[in-house]
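Work through the exercises below with the sequence and the coordinates open. Try each task before reading its solution.

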Amino acid sequence: MVKILMVCLGNICRSPLADEGILKSKLPKNKFLIDSAGTANYHIGSTPGTRSIMVANKHGINISTLKGRQFIKDDSKVFDFIYVMDQSNYNNTIALAKNDSEKSKVKLILNETHPSKNFEIPDPHYGGDHGFENVYQILNEACSIIAASLN
Ligand code: 4NP
């Protein structure tokens, strides 16, 4: 089983879309375990934000039953690939890694589509609705490339 974790700040906007919404739909369930987490503790136990649920619905995906959780130290050991949305997620995730091997699992997700550019997935939480469609499209492209490289 290959284990992949998507990480953002709150685990209610970007990473639930990336995880349940997008990557899971592109990889076989019997070979891949895919999960998401937030570096912050603000939304533990919360369902994704309404606008993330709506944009997922629009693309035929149901994320409404997901529950937010916080990234924990053990995640760096358990997961094989850890994709983070932005530099701040990267710093917070790396800070909990025990060694270089665990650190090397953590990657900015957009480096899969734009190698070495260190582009970030913008946080749509404080912006307008268009931001959610934009995030969906960017994540969809990145997840297609990740799925093709792993499958
Ligand atoms: P996310 O977006 O990291 O994509 O889940 C956010 C959600 C909530 C907050 C920040 C970012 N917040 O500060 O509550």
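**Exercise 1. Write down the order of helices and strands along the chain.**

Solution. Read from the N terminus, the pattern is β-α-β-α-α-β-α-α-β-α. Count the elements next: the chain has six helices and four strands. Both are DSSP runs, numbered from the N terminus: helices are H or I with at least four residues, strands are E with at least two.

This is a predicted model, in which local features need pLDDT of at least 70, side-chain atom pairs count only at pLDDT 80 or more, and totals for chains, interfaces and linings use all residues. Residues are numbered from 1 along each chain as its sequence is written, and side-chain values use heavy atoms, with hydrogens and water left out.

**Exercise 2. Work out the strand order of the sheet.**

Solution. Start with strand 1 (residues 2-8) and strand 3 (residues 81-84). Four bridges join them, and they run parallel. Two strands count as paired if DSSP finds at least two bridges between them. Check two positions: Leu5 has Ile82 of strand 3 as its bridge partner, and Val7 stands opposite Val84.

Move on to strand 4. Three bridges join strand 3 to strand 4, again parallel. Here Val84 stands opposite Leu108.

Now assemble the sheet. It is open, with four strands in the order 2-1-3-4 and parallel pairing. Strand 2 (32-38) and strand 4 (106-108) are the edges, each pairing on one side only. The twist averages 25 degrees from one strand to the next; angles run from 0 to 180 degrees between N-to-C directions of axes fitted to C-alpha atoms.

**Exercise 3. Which residues surround the ligand, and what are the polar contacts of Gly10, Arg14 and His43?**

Solution. List the shell, taking residues with a heavy atom within 4 Å. The residues are Cys8, Leu9, Gly10, Asn11, Ile12, Cys13, Arg14, Tyr42, His43, Asp123, His125 and Tyr126. Sort them: six are nonpolar, four polar and two charged. Gly counts as polar in this scheme, Tyr and Cys as nonpolar.

Then look for polar contacts (N or O pairs within 3.5 Å). A polar backbone atom of Gly10 is 2.8 Å from a ligand oxygen. For the side chain of Arg14, an N or O atom is 2.7 Å from a ligand oxygen. A polar side-chain atom of His43 lies 2.8 Å from an oxygen of the ligand. Finish with burial: the ligand alone exposes 350 Å², and the protein buries 92% of that (Shrake-Rupley areas, 1.4 Å probe).

Technical notes
A polar contact is a pair of N or O atoms within 3.5 Å; within protein, one must be able to donate a hydrogen and the other to accept it, and residues adjacent in sequence count only if both atoms are side-chain atoms.
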